[in-house]
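Colleague: Could you take me closely through the aromatic ring pairs of this model, with the cut-offs stated?

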Amino acid sequence: MNYPIKYIKPEEFKKLLQFVYNENVRHGLILELIGNGGLRINECLMLTPQDFDFEKNSIMITTLKQKQHPRPRIPIQYPSRTMYIMRKYIEGMKLKEDECIFTMTRQGVWKFFKNYCRILKLPS
């Protein structure tokens, strides 16, 4: 079966992020981490406060697709604005260092992503 390729252009993603941040900060952070950092959904959902280095504006990502153990950790840089929002979000949650920041499923992420795309009439 040939399915049409669907993607969001950079200007559409920027519009999507702005809209989502105004609706739900948690959803905005998830989309930004995935869209601007190239994280897989599950890599994003497994992030804990100890993965963040706010001094260097970076996140240590544990790659899930590697077969080797222990799994390699890769640093990814983010804009200071994103890291500032993330720091405030984590502080507000009062999480332990090893607790997952985002408690939702991969399917839950797809559901809210498709819903926001539908609202903004973007491909999903």
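Modeller: The following account concerns the aromatic ring pairs. This is a predicted model, in which local features need pLDDT of at least 70 and side-chain atom pairs count only at pLDDT 80 or more, while totals for chains, interfaces and linings use all residues. Residues are numbered from 1 along each chain as its sequence is written, and side-chain values use heavy atoms, with hydrogens and water left out.

A pair of aromatic rings is described by the distance of the centres and the angle of the planes. Rings of Phe, Tyr and Trp (its six-membered ring) pair if their centres lie within 6.5 Å; planes under 30 degrees apart count as stacked, over 60 as edge-to-face and the rest as tilted. By this rule there are five aromatic pairs. One of them joins Phe52 and Phe54: the ring centres are 5.6 Å apart and the planes stand at 10°, so this pair is stacked. Phe52 has a relative accessible area of 9% and is therefore buried (under 20% relative accessible area; exposed is over 50% and partly exposed in between, with a 1.4 Å probe and protein chains only).

The rings of Phe112 and Tyr116 are edge-to-face, because their centres are 5.9 Å apart and their planes are at 65°. Both residues lie in helix α5 (residues 106-120), four residues apart, about one turn of the helix; helices here are DSSP runs (H or I, at least four residues), numbered from the N terminus. Phe112 is buried at a relative accessible area of 6%, and Tyr116 is buried at 7%. Ring pairs also bring in Phe19, linking Phe19, Phe112 and Tyr116 into a cluster.

Note on methods. Helix = DSSP H or I, 4+ residues; strand = E, 2+ residues; numbered from the N terminus.
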